[in-house]
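Here are a few short exercises to work through with the model open beside you. Try each task before reading its solution.

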Amino acid sequence: MTYSEPARTTTRRIRIRRIRVAGVLVVIAAIGAVLGYQSLASSSSTAAPPTDVLPSKPPGLRVEHRGALGEADSAVPAGTTVFDDEIPGVANLDPALLGALRQAATDAAGDGVELFVNSGWRSPEYQEQLLREAVSEYGSDEEAARWVATADTSPHVSGDAVDIEPLDATAWLSEHGAEYGLCQIYGNEPWHYELRPEATDHGCPPMYADPTQDPRMQR
Ligand SMILES: [Zn+2]
């Protein structure tokens, strides 16, 4: 809403100048007009422009996908943490990955950073839907493959991957994740983490630029 401020301020200044010339009744009328203008301006600015889904946002990770398939199909409600056992997207993660995430989340909280799960385990049906949506959003199978795997290849379907948010959480993991064996796998997906136990000793392996470079995706 801040983007409408300059216009509003200008209007207010103009009105104030007029007020000096006129009498008290005009002052009251002018205030009413300004208030009316402001409420108009704020109500029109609350009508948010349509949010762009892509490419600024990765597919398959956001609220708009939740309507189509429900929680049981592994869509994760907003505000879900790695401690939310009742959420299938969390509960069905590989136990070792989940354990590492919980340790990391506990230590991150000590640093004032909260880890949220944007997406975790996914049913094959849910993964297929994400892929269909990505193909229609990106316009080609090739481009969609840079972002969304098939149900056969996605580490989300096997419970071996988690997408973390928000930015301060992924920044924290990028700095400390390796201590827990938690590694970013793809250069283009800073939110996507998997367990690489050897990382605790040797650091995380080099990243693939994107999933198409990952041999696991070549099946
Ligand atoms: Zn992911």
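**Exercise 1. Get an overview of the fold.**
Find what share of the residues is buried, and work out the order of helices and strands.

*Solution.* Start with burial: in this predicted model, buried residues account for 41% of the 219 residues in the protein. Next, go through the secondary structure, which consists of eight helices and four strands. Read from the N terminus, these elements follow the order α-α-α-α-β-α-α-β-α-β-β-α. Now turn to the contacts between residues at least 6 apart in sequence: 59% of them join residues at least 24 apart. Finish with the surface, where the accessible area is about 11,800 Å² and carbon and sulfur atoms contribute 58% of that.

**Exercise 2. Describe the zinc site.**
Which protein atoms are donors of the zinc ion, and how far from it do they lie?

*Solution.* First pick out the donors: NE2 of His156, OD of Asp163 and ND1 of His192, at 2.0 to 2.1 Å from the zinc ion. Then look at how these donors are spaced along the chain, which gives the pattern H-x6-D-x28-H. Distant parts of the chain are linked here, since His156 sits in the loop between helix 6 (141–145) and strand 2 (161–165), while His192 belongs to strand 4 (residues 192–195), 36 residues apart. As a last step, check burial: both His156 and His192 are buried.

**Exercise 3. Characterise the disulfide.**
Which cysteines form a disulfide, and is the link left-handed or right-handed?

*Solution.* Begin with the sulfur atoms of Cys183 and Cys204, which are 2.0 Å apart; this lies within the 2.5 Å cut-off, so the pair counts as a disulfide. The total for the protein is one disulfide. Next, read the angle about the S-S bond: at -90 degrees, the link of Cys183 and Cys204 is left-handed. The bond joins distant parts of the chain, with Cys183 in strand 3 (residues 182–184) and Cys204 in the segment after helix 8 (199–202), 21 residues apart. Now consider each partner's exposure. Cys183 has a relative accessible area of 0% and is therefore buried, whereas Cys204, at 34%, counts as partly exposed.

**Exercise 4. Place Ser123 in its surroundings.**
Where is Ser123 found, and is Ser123 buried or exposed?

*Solution.* Locate Ser123 in the loop between strand 1 (116–119) and helix 5 (124–138). Its relative accessible area is 5%, so Ser123 is buried. For the neighbours, set aside those within four places in sequence; Ser123 then contacts Asp73, Ser74 and Val157. Finally, inspect the side chain of Ser123: one of its polar atoms lies 3.0 Å from the backbone nitrogen of Tyr126.

Definitions and conventions. Residues are numbered from 1 along each chain as its sequence is written. This is a predicted model: local features need pLDDT of at least 70, side-chain atom pairs count only at pLDDT 80 or more; totals for chains, interfaces and linings use all residues. Side-chain values use heavy atoms; hydrogens and water are left out. Helices (H or I, at least four residues) and strands (E, at least two) are DSSP runs, numbered from the N terminus. Buried means under 20% relative accessible area, exposed over 50%, partly exposed in between (1.4 Å probe, protein chains only). A polar contact is a pair of N or O atoms within 3.5 Å; within protein, one must be able to donate a hydrogen and the other to accept it, and residues adjacent in sequence count only if both atoms are side-chain atoms. Contact means heavy atoms within 4.5 Å. Donors are N, O and S atoms within 2.8 Å of the metal (3.2 Å for Na, K and Ca); water is not among the atoms, so sites may look incomplete. Accessible areas come from the Shrake-Rupley method with a 1.4 Å probe; for residues, only the protein chains shown count as cover.
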